[in-house]
Amino acid sequence: MTQATAPATSPSSSAQPAGEKDGRTARRSLGRRLLARPEVGAFIAAVGVYLFFFAVAPSFRDVGALSTVLYQASVMGIMALPVALLMIGGEFDLSAGVAVTSSALTAAILSFQLTMNVWTGVFVALIASLAIGAFNGWLLVRTGLPSFLVTLGSFLILQGSNLAVTKYFTGNVASDSISDMDGFGQAKNVFASEFSVGGVDFKITIVYWLALALVATWLLLRTKFGNWIFAVGGNKESARAVGVPVNFTKIALFMGVGVGAWIVGMHLLFSFNTVQSGEGVGNEFLYIIAAVIGGCLLTGGYGSAVGSVIGAFIFGMVSQGIVYANWNPDWFKAFLGVMLLLAALVNLWVRRQATRR
């Protein structure tokens with residue numbers, strides 16, 4: 001009599017078939033990982049915009065045109081970078097546009113009225129810009145009010161102050177020229193000089209813009225502070241529960257916007273020697289648009305510094321491409337609005353594709 005035995009089994013017979021992986025541990029393809037990057041949609045849009053104007057505007061193909069595009073992008077991009085970081089942190093700043101003018105007016109009026117070296121005005125303007133950012137951040141965290149209301153109030157205060165203070169000291173709506181004051185030449189070399197590459201002149205703001213982009217990227221991806229930014233933008237209560245200094249992070253981000261406003265304000269002052277007190281109104285939306293086109297979400301917790309660079313570059317291409325194509329410049333805002341909606345849709349599609357298994 002023989003004893004029945006169960007068929008032999010190997011440990012691998014109950015395992016999943018070869019090549020099949022648990023969905024929790026399966027590695028995403030290279031394409032999926034690339035789609036997960038916030039700036040991918042903006043890059044696709046930038047290539048499309050460049051090819052479009054390259055085809056319809058022959059003068060857009062010149063190297064000199066690239067210099068002009070990069071200059072427009074750099075002035076926008078220097079502010080779009082800190083605005084993007086602030087948006088990743090879950091907030092935005094409606095006073096960013098007029099803060100640029102406030103910084104320039106502070107340096108111009110102080111230097112002229114007190115007959116001081118212009119560098120004194122420059123450093124006082126930096127302190128004032130940081131103070132405005134710190135005030136916005138402090139009021140936000142102390143009251144819990146939405147950043148929309150806090151910075152809208154700051155926007156109105158600064159807009160009115162710019163006009164009233166300028167009229168009080170100068171009698172008109174523009175600051176006095178400081179071109180003949182001590183230190184002007186040195187400051188112009190720092191904030192508004194040019195350099196030549198292959199016979200083509202480029203503005204120094206392009207260097208500042210790209211350098212700040214490198215710093216911002218390193219800050220977001222390689223530092224603890226970068227982790228804090230994403231954490232407070234995603235869920236500030238959860239971030240606070242794990243020890244993230246939420247209040248400090250938000251105030252620091254608003255002060256970063258102040259630094260950007262100071263750099264752009266000094267560039268404008270030393271490029272034109274004087275400042276119109278009504279400038280800057282509406283630019284805050286352009287900074288936000290550049291950040292959104294670059295992949296930032298208004299809800300926070302998502303975005304990149306590189307994306308804001310690409311968004312600002314798209315702005316530069318559109319603003320100059322319309323001129324080179326000999327179109328009516330009145331169409332600029334309409335074109336920019338179309339770009340914003342398309343960027344939002346592309347970013348939504350990219351995020352959905354990146355999260356699919």
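For the residue classes used on this tour, Ala, Val, Leu, Ile, Met, Phe, Trp, Tyr, Cys and Pro count as nonpolar, Asp, Glu, Lys and Arg as charged, and the others, Gly among them, as polar. The model you have open is predicted.

**Whole chain.** Start with a cartoon view. The protein chain has 14 helices and 2 strands. Of its 357 residues, 45% are buried. Turn on contacts between residues at least 6 apart in sequence: 76% of them join residues at least 24 apart. Now show the surface. The accessible area is about 18000 Å², and 65% of that belongs to carbon and sulfur atoms.

**Nonpolar core.** Next, select M79, W209, M266, L269, F270, I314 and V318. These have the most contacts inside the largest nonpolar core, a set of 94 residues. Then colour helix α3, residues 63–88. This helix gives the core its largest share, 16 residues.

**L269.** Zoom in on this core residue. Which residues does L269 touch, leaving aside those up to four places away in sequence? Select A104, A107, A108, I178, T274 and V275.

**Cavity.** Finish inside the protein. A search of the whole structure finds 1 cavity of 30 Å³ or more. The largest cavity holds about 60 Å³ of space. To see its lining, select D93, S95, A99, S129, I132, G133, N136, F254, V257, G258 and A261. Two elements each give two or more residues to this lining: α5 (118–143) and α11 (246–272). Colour the lining by class. You should find 5 nonpolar, 5 polar and 1 charged residues.

Terms used: Residues are numbered from 1 along each chain as its sequence is written. This is a predicted model: local features need pLDDT of at least 70, side-chain atom pairs count only at pLDDT 80 or more; totals for chains, interfaces and linings use all residues. Side-chain values use heavy atoms; hydrogens and water are left out. A nonpolar core is a set of buried Ala, Val, Leu, Ile, Met, Phe, Trp, Tyr and Cys residues joined through side-chain atoms within 4.5 Å. Buried means under 20% relative accessible area, exposed over 50%, partly exposed in between (1.4 Å probe, protein chains only). Helices (H or I, at least four residues) and strands (E, at least two) are DSSP runs, numbered from the N terminus. Contact means heavy atoms within 4.5 Å. On a 1 Å grid over the protein atoms alone, a cavity is a set of points where a 1.4 Å probe fits but cannot get out, and a pocket is an open set with protein on both sides within 12 Å along at least five of seven lines; lining residues have an atom within 4 Å of a point. Grid points are joined across faces, edges and corners, and a volume is the space filled by probe spheres set on the points. Accessible areas come from the Shrake-Rupley method with a 1.4 Å probe; for residues, only the protein chains shown count as cover.
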